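Q: Could we go through this structure together? I should like to start with the cysteines and then turn to the backbone.

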Amino acid sequence: AAARSTDLSVGIEALFTSALGLQAPWAVREVRLDTVKHRIDFDVECKQPLLACPACGAAAQRVHDRLQRSWRHLDFFQYEAWLHAEVPRVGCTACGKTTQVSVPWAREGSGFTLLFEALALTLCKDLPVRQAARDLRVRDKQLWRRIEHYVSQARKKQDMSRVRIVGIDETSLRRGHDYVTVVHDLDAKRLLFCTQGREHTTIQAFAKDLQDHGGEPTAIAHACMDMSAAYLKGTAAYLPNAQVSYDRFHIVKLAGEAMDEVRKREWQTERERVEEALGELTPKQRRSILWGMRRNPSGWSNTQTQAMHWLQRAHLKTARAWRLKMALREVFANARSHNQAELAGADLKAWLSWARRSRLEPFKRLAATLKTHFDSVVRGMLDHRSNAFVEAMNGLMQQAKRAARGFRTAANFIAIAYLRLGKLTHLPASPFVPAIALSAGVTRHRV
């Protein structure tokens, strides 16, 4: 019976040695299960008395001493798993150094195994870091350190030599005037660069980062951006061959903001006249005007359609502002259809003339701005590129920020942006990737 018990113990240790992927000279010496604490502990040992020196590689060096270390591992079933080992330090007669041996299951200085860190990164790509930390039963600060480490290592290996078309934008880091500048590769649909601030020097920082990753600033042929004077200055100085085009979505957004400014001013300063004009509308139709003005006609509800048809006949500044906004949208739509610079320029000039004669100050200011950047606006109308992808990615970053209830530091914000949007190709693979394809079309996962 004692022999059978010993054989069973040896068999269990061999089983978990194989399950943990350990190879000689490492092996599981003992397995301890605590069903009350829902924890399983693996004592791992290295029996070999002679090892190669980690510093110089000299073979057959004696073990100087052993230091106790512990690492959190992937859960085994419902049990929290930990690895413990007395890690040898080799006293080398060749180089005279005493150096600790690297263990194959964890990187140096980490309290987690490589597989646990890979799982954490996989979860943080989709979940708020705080939620991932809660699910893994660790502190979120521990996950942030892993994210920053692996993202930094992966970005060093990123290739930017083929980047030619970039989108440049800003997004808020937190409430107030705290922003980060983001630069995306519009061809590969990936985040290239993210840094604090929105000054022209952020473009200089991007140009340097581009060179560090095999790219060349003079090879950037096109930059799509909003009408930021700082970004324009930075692009001219540090991306000298880039043709600038102003994002059509941003310009139409400016027209929408001008329309809202006209509406607010009219409804505040000329309340009696507006109320008199609105008198024939039902309360529901009145409420629907605001949303109808902001939505595309194809998305109007029946109530909004009725209210907007009334607005088009009303003698209100708001109605003129809405028609100007819609006319600018039509200018961009026509440019996409005919794709001719001469026609696009003529349409835009006609709109600018109308806006200047509209007696609506917000649209007169917008017309002056577009005239100043006329060539870049027309180029943005024709090249069919826009920052729509950049805006969408910024939206995802903001969603992640809200879901995580705010990031602790700018470094955290930037790290999670790279992890989720950078398409980094040198991150640890998920421990749950499909390993064996079954004949029935089902995949089996290897843990």
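A: Certainly. This is a predicted model. To begin with one cysteine, Cys194 is buried, since its relative accessible area is 5%, a value under the 20% limit for that class.

Q: And which cysteine sulfur is nearest to that of Cys194?

A: The nearest one belongs to Cys124, at 17 Å, and Cys194 takes part in no disulfide.

Q: How many disulfides are found in the whole structure?

A: The search of the whole structure returns zero disulfides.

Q: What about Cys95: how far is its sulfur from the closest cysteine sulfur?

A: The closest cysteine sulfur is in Cys92, 3.6 Å from that of Cys95. The pair is not bonded because 3.6 Å is too far; a disulfide requires the two sulfur atoms to lie within 2.5 Å.

Q: Is Cys95 buried, partly exposed or exposed?

A: Cys95 is partly exposed, with a relative accessible area of 31%.

Q: Let us turn to the backbone. Which peptide bond is cis?

A: The bond from Ala24 to Pro25 is cis, and its omega is near 15°.

Q: Where does Pro25 sit?

A: Pro25 is in the loop that runs between α1 (2–19) and β1 (26–34).

Q: Now phi. What is the value for Lys189?

A: Lys189 is not a glycine, yet its phi is positive, at about 55°. The residue belongs to the loop between β8 (178–185) and β9 (190–196). Lys189 is partly exposed, as its relative accessible area is 38%.

Q: And what is phi for Arg359?

A: Arg359, also a residue other than glycine, has a positive phi near 60°. Its loop lies between α12 (341–356) and α13 (361–372).

Q: Buried or exposed, that arginine, Arg359?

A: Arg359 is exposed, with a relative accessible area of 66%; the exposed class begins over 50%.

Q: One more topic, Ser353. Which helix is it in?

A: Ser353 lies in helix α12. This serine is partly exposed, having a relative accessible area of 24%.

Q: How far apart are Ser353 and Arg137, in sequence and in space?

A: In sequence, Ser353 and Arg137 are 216 residues apart. In space, the separation from C-alpha to C-alpha is 63 Å.

Key:
Residues numbered from 1 in each chain as written. Predicted model: local features only at pLDDT ≥ 70, side-chain atom pairs only at ≥ 80, totals over all residues. Heavy atoms only, no water. Helix = DSSP H or I, 4+ residues; strand = E, 2+ residues; numbered from the N terminus. Buried < 20%, exposed > 50% of the residue type's maximum accessible area, 1.4 Å probe, protein only.
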